[in-house]
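Q: Please take a close look at one part of this model for me. I would like to see how the two chains meet, and what lies around that meeting place.

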Protein chains: 2
Amino acid sequence: MAATSLQDVMDEAGNIVDVLRNSKIGMYVYPVVAPEFSNWRVEQEAWRKTAVLFDQSHHMDEVIVEGPQAAEFLAHHGINSFSNFGLNRAKHYVPVTPAGHVIGDHIIFREREDKFVLVGRAPTSNWLMFAAAYGNWNVRLRHDPRSPSRPEGERVLREHYRFQIQGPDATAIFEKMNGGPIPDIKFFHVDWINIGSKKVQALRHGMSGAPGLEVWGPYKDKDYIHSTIMQAARDAGVNLVQCGARAYSTNTLESGWIPSPLPGIYSGDGMMADYRQWLGADMYEAAGAIGGSFVSDNIEDYYVNPFELGYDFYIGWKKDDFIGKAALEKIKAEGAKRKKVTFEWNRDDILKVIASSFEQGTPYKWIDFPQPNYASSSADMVCDDSGKMVGMSMFNGYSFNERCMLSLGVVNNDVQVGDVLTLKWGEPETTGKTSTEVHKQAEIRVRVSPTPYSSEARENYADSWRTKS
Amino acid sequence: MAATSLQDVMDEAGNIVDVLRNSKIGMYVYPVVAPEFSNWRVEQEAWRKTAVLFDQSHHMDEVIVEGPQAAEFLAHHGINSFSNFGLNRAKHYVPVTPAGHVIGDHIIFREREDKFVLVGRAPTSNWLMFAAAYGNWNVRLRHDPRSPSRPEGERVLREHYRFQIQGPDATAIFEKMNGGPIPDIKFFHVDWINIGSKKVQALRHGMSGAPGLEVWGPYKDKDYIHSTIMQAARDAGVNLVQCGARAYSTNTLESGWIPSPLPGIYSGDGMMADYRQWLGADMYEAAGAIGGSFVSDNIEDYYVNPFELGYDFYIGWKKDDFIGKAALEKIKAEGAKRKKVTFEWNRDDILKVIASSFEQGTPYKWIDFPQPNYASSSADMVCDDSGKMVGMSMFNGYSFNERCMLSLGVVNNDVQVGDVLTLKWGEPETTGKTSTEVHKQAEIRVRVSPTPYSSEARENYADSWRTKS
């Protein structure tokens, strides 16, 4: 019988690592949006130098959680403190397993006392949908999954459009479209602004390391809002550059968020075993791909915890209980063993890899610019001089602003900023993944660097989680 | 008053070269189709090693020419011989100006005595629509323009779907979907085959240098045909790889067709002057972009003639008259001054260019893989040791099959295969084009090579125009 649940898939496969490393789902793309509007170098430059427009309507799931117990439900399934979660605020919401492993993360907005909007990758959506079905919660959930990766000319509709405008010149655009100064919205707070004849919600954000606003509303308004924003930029004399799919995901390299931790849901019993029965065989957790040089028989070796990602400072320790609390208390007591860093790749080693694609024979794994990731979750070995693995690289990309290939990941605590390590690039054997050509492995020297790497992000995000890692 | 025609644009600008070199239209993309299905290296490899599926439903204009004078009308506006143009044949149709400059090219199919279907870039469509309006022809034209470059989730509809299947393993797929051996269709001939429950027209073709079939039919059948083809490949045990937008245009590097000559319509009086009044200011000829290091005040320096592109052997000299005949006779008598070649780029010089994007300051023009073109028409200077321009590079791309960056273009007759010349990469000044970042120029050594470059194409296309250049 064909597998219908993740657990079926795991039972058939013997080892889920093999399934995920051989997934045929293809690259994890930024869907629907054009690859480039101008070109990816200029689009990257815009968020640093002028202003950029991100169309975020398509690449994320949205979950709406409503009902008398909405806040209680979410507080129980996420690590975050909810005591300071007033109306019109947003948080970076992180659920973990009972064992304390990160499942994923969403941006969560509180629209009403009893209504929250969550936006992010599938693992958190799926976990919350399961949790509502599994527990006894007086909540209503609505799920709008991310858009298809390859619509091929078919129409794509969403619940909401979602735009983000960022960069040093962004404020002039906001004032022009609002018809006057905009409210002084604090970081990760929401207020209402005017865009033409529409009143829209705006979140103060800054993904790429420059301040900005994220606005959203009914999808039917998308074209109107888009053209009003573009006109406001022209009226303000600002070069607002639309960002395409190729540049988009690289903004996180400069700001330091890791979008793609493998959800730690493949092990554990009790609720976790039930979750694996609940998860469909066609869902992200069963169908997604692991790419990279790190191969372990033990799926848990791919997991991370909130301390390692720098999320520990917003754990709601005062909450009576939440899933994973005991495990996190134990990690806290013992001290986390790894920390988040940026890896700065050695130029000459990159050129060596590229040069191999100009020779006959099996080349090194191609480094695609600006986004070389080839799976839903990446895991590349980072080793010290003795060849011992001391870190895991988890998200790669080239930054034209930094003139550098960077990756985000975790290293053992004794690794220091400035250390030069070796990243193994490419997989040890040919897998079933369609996203990679047959290749051999390369060694790329990487210098351990702070997160966020961008000095702008470091300076402007003093109150953000991104600087706390 | 705003310019409404190409002529208005030219009158305002003084020099149309400046307009086209500063166009803000962006890259000339392969629209609607996903950037990658698997990855562009594997997609390129498929047309050489197994089989590839091209979705050509979106990137070209289609023009249907019908009516009592359809054949006469087309014969008068193209250089091709029509004497051997029976039913169910196709040709590579090339119109030129009265001065003998290439306007563009289409693939033309004869469906009935009085009905032709033409597929290709806008310049030929526009020219034919003008010609029908300008002359006194008893013809009916229907024009289905190419799909929008950035549909952003809106639905895109066309008159016809159009798929091409190619590669050494393609025949097994055809036989499986046809339910038995397919007719022995000669190159550039059309016959009918079965795809599931549909009878469809199939053209024997081979764009990427490997034999194959192009099939088309009503757009509403697209999903059915697509899934039937994919199923037939699975049933036949063939790894049929879908080709995405990033790899698609590079197939021509191996087979040797230059898709993007600048239409030679910006000069000449009489009919040409009337054409420039007819052409809208928003059409390809007025809004498109010229990119590259070759800058001349004289737009005619960007033109090519059919001899230079290797199309001379199918000129219909026996036709009483056709537009451009006298000019072509003169060129023939004098001998063409240039010929088509492939330029094989030097690896070390490419690496030098890439290395500059890992340093602060102004880099060399980024070479995007696999398709570095950044305009509707490319014109890069190719010079000899003394710095004298002896050729023009017109279409670029990296071939994973050849492990080489290649470009197609024309060189003076005295240049020989094996000569090493220097290609100037990047523009001498910053233009208004959105498709390129600020950059400096690089010198890239190129070795003059035959066209087609691919040995497979050379061997398998003995009866095609591609080998005659």
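A: What follows starts with the interface, then turns to a loop, some charged pairs and two helices.

Keep in mind that this is a predicted model. In it, 48 residues of chain A are in contact with 48 residues of chain B. How much area do chain A and chain B bury between them? The value is about 4,200 Å². Carbon and sulfur atoms hold 52% of it. On the side of chain A, the residues that lose the most area to chain B are A:E152, A:F358 and A:R403. Together they make up 18% of what that side buries.

Now look at the polar side of the interface. Between chain A and chain B, 29 residue pairs are in polar contact, with both residues at pLDDT 80 or more. Three elements of chain A give two or more residues to the side that touches chain B: α3 (40–49), α13 (347–355) and β17 (404–412). Helix α13(A) gives the most, with five residues. By type, the residues on this side of chain A divide into 22 nonpolar, ten polar and 16 charged.

Charge pairing comes next. Side chains of opposite charge can pair when their charged atoms come close. Eight salt bridges cross the interface of chain A and chain B. One of them joins B:E154 to A:R155, with the closest N and O atoms 3.3 Å apart.

One loop residue also reaches across. B:S38 sits in the loop between α2 (16–21) and α3 (40–49) of chain B. Is B:S38 buried or exposed? Its relative accessibility is 9%, so B:S38 counts as buried. Leaving out residues up to four places away in sequence, B:S38 touches A:M27, A:T434 and A:S435 in chain A, and B:E43 and B:V241 in chain B.

Salt bridges also form within the chains. Over all chains, the count comes to 60. Take B:E254 and B:R48, whose side chains meet at 2.8 Å, N to O. B:E254 lies in helix α9 (residues 251–255) of chain B and B:R48 in helix α3 of chain B, so this pair ties together parts 206 residues apart in sequence. Both B:E254 and B:R48 are buried.

Other pairs sit in other settings. B:D221 forms a salt bridge with B:K220, and their closest N and O atoms are 2.9 Å apart. B:D221 is buried, at 8% relative accessible area. B:K220 counts as exposed, at 69%. B:E443 and B:K424 pair at 3.8 Å, N to O. This pair links strand β19 (residues 442–449) of chain B, which holds B:E443, to strand β18 (residues 420–425) of chain B, which holds B:K424. B:E443 is partly exposed, at 45%. B:K424 is partly exposed too, at 25%. In chain A, a network of salt bridges links A:R21, A:E427, A:E429 and A:K433.

Finish with two helices. Helix α7 (residues 222–236) of chain B has 15 residues, which should span 21 Å at 1.5 Å a residue. Its end C-alpha atoms are 21 Å apart, so the two values agree. Its buried residues include B:I225, B:I229 and B:M230. Just after α7(B), B:G237 takes a positive phi of about 70°.

Helix α5 (residues 122–134) of chain A has 13 residues. Its expected span is 18 Å, and its end C-alpha atoms are 18 Å apart. Ten of its 13 residues are buried, so α5(A) is largely enclosed by the rest of the structure. Among them are A:W127, A:L128 and A:F130.

Methods: Residues are numbered from 1 along each chain as its sequence is written. Chains are lettered from A and ligands numbered from 1 in the order in which they are written. Side-chain values use heavy atoms; hydrogens and water are left out. Contact means heavy atoms within 4.5 Å. Buried area is the accessible area (1.4 Å probe) that two parts lose on being put together, summed over both. A salt bridge is a side-chain nitrogen of Lys or Arg within 4 Å of a carboxyl oxygen of Asp or Glu. A polar contact is a pair of N or O atoms within 3.5 Å; within protein, one must be able to donate a hydrogen and the other to accept it, and residues adjacent in sequence count only if both atoms are side-chain atoms. Helices (H or I, at least four residues) and strands (E, at least two) are DSSP runs, numbered from the N terminus. Ala, Val, Leu, Ile, Met, Phe, Trp, Tyr, Cys and Pro count as nonpolar, Asp, Glu, Lys and Arg as charged, and the others, Gly among them, as polar. The expected span of a helix is 1.5 Å times one less than its number of residues. Buried means under 20% relative accessible area, exposed over 50%, partly exposed in between (1.4 Å probe, protein chains only).
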